[in-house]
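Here are my notes for anyone opening this one for the first time. Have the structure up beside you and go through the points in order.

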Amino acid sequence: MNIAGSSPEERTGATITYVLTAIFSWLGALIGWLIWRGKGAYAKDQTTEALNFGITMLIIMVALSVLARIIPAIGFLVWIASLVQLVFGIIAALAANKGENYRFPFALRLVK
């Protein structure tokens, strides 16, 4: 679903934010959100979605890291979570580049 009237600058900002989120998690999402949230409705919506996903992945990574210290056999789940973050970030970036309104299937909506 496209947000009517999203400008190329908004789509570019959302795309870059998703790429930063895929690589740098919550920090990349926060940087993109701070830069592009005021550029328009589409940019605000998509950068907020990226930030929520980055925060969700941070929570998951911390929880998995703590559990991996207790049960070393599940340490591979941290690697799997990193791969999931990369893949979903790329999918979201491709959708944002087309102007589509992307929603992650499991992100906590903490930032409005």
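**Notes on the fold**

1. Start just past the third helix. Right after α3 comes G99, which has a positive phi, near 90°. Keep in mind throughout that this is a predicted model.

2. Now look at α3 itself, which runs over residues 76-98. From first C-alpha to last, its 23 residues reach 34 Å, close to the 33 Å expected at 1.5 Å a residue. The buried residues here are A81, Q85, G89, A92, A93, A95 and A96. What do the buried residues of α3 pack against? They pack against α1 and α2. As a reminder on helix geometry, there are 3.6 residues to each turn of an α-helix, so residues three or four places apart point the same way.

3. α1 is another story. This helix covers residues 8-36, and a straight helix of its 29 residues would reach 42 Å at 1.5 Å a residue, yet its end C-alpha atoms are only 12 Å apart. Where is the kink in α1 centred? Look at F24: the kink there is about 150°.

4. While you are in that helix, check S25. It isn't a glycine, but S25 has a positive phi of about 60°. S25 belongs to α1, and its relative accessibility is 12%, so S25 counts as buried, the cut-off being under 20%.

5. Next, the core. The largest nonpolar core has 19 residues, and the ones with the most contacts inside it are Y18, F53, A81, A92, A96, Y102 and F104. Each of α1, α2 and α3 gives this core at least two residues. Which helix supplies the largest share? That would be α2, with seven residues. For a closer view, pick A92: setting aside residues up to four places away in sequence, A92 touches Y18, Y102 and F104.

6. The aromatics deserve a pass of their own. The structure holds seven aromatic pairs. One of them is F88 with F104, an edge-to-face pair at 6.5 Å centre to centre and 70° between the planes. This pair links distant parts of the chain, with F88 in α3 and F104 in the segment after α3, 16 residues apart. Is F104 buried or exposed? At 2% relative accessibility, F104 is buried, whereas F88 is partly exposed at 21% relative accessible area.

7. F88 has another partner, F106. Their ring centres are 5.5 Å apart and their planes sit at 80°, so this pair is edge-to-face. Here too distant parts of the chain are linked: F88 is in α3, and F106 is in the segment after α3, 18 residues apart. F106 is partly exposed, with a relative accessible area of 32%. Zoom out and you'll find ring pairs joining Y18, F53, F88, Y102, F104 and F106 into a cluster.

8. Now for Q46, a residue of α2, which spans residues 41-70. How accessible is Q46? Its relative accessibility is 1%, so Q46 counts as buried. Not counting neighbours within four places in sequence, Q46 is in contact with A14, Y18, E100, N101, Y102 and R103. Y18 and Y102 are also among the core residues with the most contacts.

9. From Q46, step across to W36. The two are ten residues apart in sequence, and their C-alpha atoms are 9.5 Å apart in space. W36 is in α1 and is buried, at 15% relative accessible area. Leaving out neighbours within four places in sequence, the contacts of W36 are G13, I16, T17, A43, K44 and T47.

10. Another tryptophan is worth a glance. The charged end of R37 sits over the ring of W33, 4.2 Å from the ring centre.

11. Last, go back to the start of the chain. S6 lies in the segment before α1, and at 14% relative accessibility it counts as buried. Which residues does S6 contact, neighbours within four places aside? S6 is in contact with R11 and Y42.

Notes: Residues numbered from 1 in each chain as written. Predicted model: local features only at pLDDT ≥ 70, side-chain atom pairs only at ≥ 80, totals over all residues. Heavy atoms only, no water. Helix = DSSP H or I, 4+ residues; strand = E, 2+ residues; numbered from the N terminus. Buried < 20%, exposed > 50% of the residue type's maximum accessible area, 1.4 Å probe, protein only. Contact = heavy atoms within 4.5 Å. Expected span 1.5 Å × (residues − 1). Bend = angle between axes of the 7 residues up to and from the residue. Phe/Tyr/Trp six-rings, centres within 6.5 Å; stacked < 30°, edge-to-face > 60°. Lys NZ or Arg CZ within 6 Å of the ring centre and 35° of its normal. Core = buried A, V, L, I, M, F, W, Y, C linked by side-chain atoms within 4.5 Å.
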